[in-house]
Amino acid sequence: MTAPMDVPESSQHAEPEAVAAGAEGAASRSLRQIAWHRFRRDRAGMAGGIVVLLLILIALLAPLLTAWLGQPPNQFNQDLVDPLTGGVWRDPDDPAQGLDPWGGMSAEHLLGVEPVNGRDLFSRIVYGARTSLLVATVATVVCVVIGTVLGIVAGYFGGWIDTVISRAMDIFLAFPLLLFAIALVGVIPDGAFGLTGNGLRIAVLVFIIGFFNWPYIGRIVRGQTLTLKEREFVEASRSLGAGSAHIVFREILPNLVTPILVYSTLLIPTNILFEAALSFLGVGINPPTATWGGMLEGALRFYTTSPHFVIVPGLAIFVTVLAFNLFGDGLRDAFDPRSSD
């Protein structure tokens, strides 16, 4: 039998000390640092966050990108298309080569051009990102503000106030939002409230999406408020004489930031799809302003001769919605107290 090896005394204490140091380091980290550590390990969430950041930069830098890599989004290039079928020539100088199913992608037109009018598809995709993100983000802000305020009021005060707000949530959740949006946007005049054209359309879309979607986040905030107001730190503040305003703004609201942030990142892609659906149905943003849904609607007539016109805006919507969903799932897992480091 082999004799046991002698282990130096310093080595015997090294591992417990390392464990203690690690535990102390973990305990000294803030909740934000712990969440960031978890989020960095989530490859899908990180990838979604990077794509979301790139999309925001693309929307903000749309004029510069189109100046460097494309053409103005509404500039016609009808010499590139067949006047009879509307398809894009493989070589405009040699029509005998026939039509290009990929829309004449080249260094001058990175994603090709649209059928019929020859507008640069890259520029319209870039400006479409600006339109979609603007409508979806502002509508989400409106939705979050209304849902948070009414959710906290219902959860904290309870009683008849909670009953009235909860029944209002049920009514809004049962409302046929898409049909209402189609009817309302379709009958609005050319000018109202000091706005005209697409400015008015954007304002109406933001109002419809934000005002009628607040019950979803309102229910989440109400449920969290019902739990938080029974917690020990809230009871301690109340026993020390703190008023309702102090408890709501200093004790409850800071603890609602995380679920509100996570739900907002999951709500934005839903609003992007809703705006694209309205534009696809012809009651969204007026042409010639570029929108992904409007581009898809115009592409239906050419899906056999110019499939790129369907694929490119469809991929833009798919990638954007997927990126926001992955980013939101990553945030939710990172801030989940049940997750392990």
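What follows is a chat between a biologist and a modeller about a predicted model.

Biologist: Let's start with the loop between H4 and H5. Is asparagine 117 buried or exposed?

Modeller: Asparagine 117 sits in the loop that runs between helix H4 (62-69) and helix H5 (121-157). The cut-off for buried is under 20% relative accessible area. Asparagine 117 has a relative accessible area of 13%, so this residue is buried.

Biologist: Which backbone atom does the side chain of asparagine 117 reach?

Modeller: Leaving aside residues up to four places away in sequence, asparagine 117 touches Phe76, Asn77 and Gln78. Its side chain also makes a 3.1 Å approach to a backbone atom, and that atom is the nitrogen of arginine 119.

Biologist: And proline 83, is that one buried or exposed?

Modeller: Proline 83 is also placed in the loop between H4 and H5. To count as exposed, a residue needs over 50% relative accessible area. Proline 83 comes in at 72%, so the call is exposed.

Biologist: What separates the C-alpha atoms of proline 83 and proline 115?

Modeller: Along the chain, proline 83 and proline 115 are 32 residues apart. In space, their C-alpha atoms are separated by 9.6 Å.

Biologist: I care about charges. Which parts of the chain does the pair of arginine 124 and glutamate 114 tie together?

Modeller: The whole structure has eight salt bridges, and one of them joins the side chains of arginine 124 and glutamate 114 at 3.0 Å, N to O. The two residues are ten apart in sequence, with arginine 124 in one part and glutamate 114 in the other, so the pair ties together helix H5 and the loop between H4 and H5.

Biologist: Are arginine 124 and glutamate 114 buried or exposed?

Modeller: The cut-off for buried is under 20%. Arginine 124 has 4% relative accessibility, so it counts as buried. Glutamate 114, at 2% relative accessibility, likewise counts as buried.

Biologist: Which residues are linked with Glu114 in a network of salt bridges?

Modeller: One partner is familiar, since arginine 124 meets glutamate 114 directly in a salt bridge. The network links Glu114 with Arg119 and Arg124.

Biologist: How does the salt bridge of arginine 231 and glutamate 232 look, and what is the relative accessibility of glutamate 232?

Modeller: The side chains of arginine 231 and glutamate 232 meet at 4.0 Å, N to O. Arginine 231 is partly exposed, with a relative accessible area of 38%. Glutamate 232 counts as exposed, and its relative accessibility is 62%.

Biologist: Which helix holds both glutamate 235 and arginine 238?

Modeller: Their side chains meet in a salt bridge of 3.2 Å, N to O. Both count as partly exposed, glutamate 235 at 35% relative accessibility and arginine 238 at 34%. They are three residues apart, about one turn of the helix, and that helix is H10 (residues 232-239).

Biologist: On to the greasy part. Which helix gives the largest share of the largest nonpolar core?

Modeller: This core has 37 residues, and Ile208, Ile217, Ile252 and Leu256 touch the most other members. At least two residues each come from H5, helix H6 (159-173), helix H7 (177-187), helix H8 (197-212), helix H9 (214-228) and helix H11 (244-280). The largest share is nine residues, and the helix supplying them is H11.

Biologist: Which residues does isoleucine 252 touch?

Modeller: Isoleucine 252 is among the core members that touch the most others. Not counting residues up to four places away in sequence, its contacts are Tyr156, Thr225, Leu228, Lys229, Val234 and Ile247.

Biologist: What kind of pair do the rings of phenylalanine 211 and phenylalanine 212 make?

Modeller: There are ten aromatic pairs in the whole structure. For phenylalanine 211 and phenylalanine 212, the ring centres are 5.2 Å apart and the planes stand at 90°, so the pair is edge-to-face.

Biologist: Which residues form one aromatic cluster with Phe211 and Phe212?

Modeller: Phenylalanine 211 is partly exposed at 29% relative accessible area, whereas phenylalanine 212 is buried at 10%. The cluster joins them with Phe172, Phe175, Phe180, Phe207 and Trp214.

Biologist: How far apart are the end C-alpha atoms of residues 133-157?

Modeller: The unreviewed UniProt entry places the feature "transmembrane region" at several spans, including residues 133-157. In the model, that span is 100% helix and 0% strand, and its end C-alpha atoms are apart by 35 Å.

Definitions and conventions:
Residues are numbered from 1 along each chain as its sequence is written. This is a predicted model: local features need pLDDT of at least 70, side-chain atom pairs count only at pLDDT 80 or more; totals for chains, interfaces and linings use all residues. Side-chain values use heavy atoms; hydrogens and water are left out. Helices (H or I, at least four residues) and strands (E, at least two) are DSSP runs, numbered from the N terminus. Buried means under 20% relative accessible area, exposed over 50%, partly exposed in between (1.4 Å probe, protein chains only). A polar contact is a pair of N or O atoms within 3.5 Å; within protein, one must be able to donate a hydrogen and the other to accept it, and residues adjacent in sequence count only if both atoms are side-chain atoms. Contact means heavy atoms within 4.5 Å. A nonpolar core is a set of buried Ala, Val, Leu, Ile, Met, Phe, Trp, Tyr and Cys residues joined through side-chain atoms within 4.5 Å. UniProt positions are given in the numbering used here, feature names are shortened, and annotations may be inferred rather than shown by experiment. Rings of Phe, Tyr and Trp (its six-membered ring) pair if their centres lie within 6.5 Å; planes under 30 degrees apart count as stacked, over 60 as edge-to-face and the rest as tilted.
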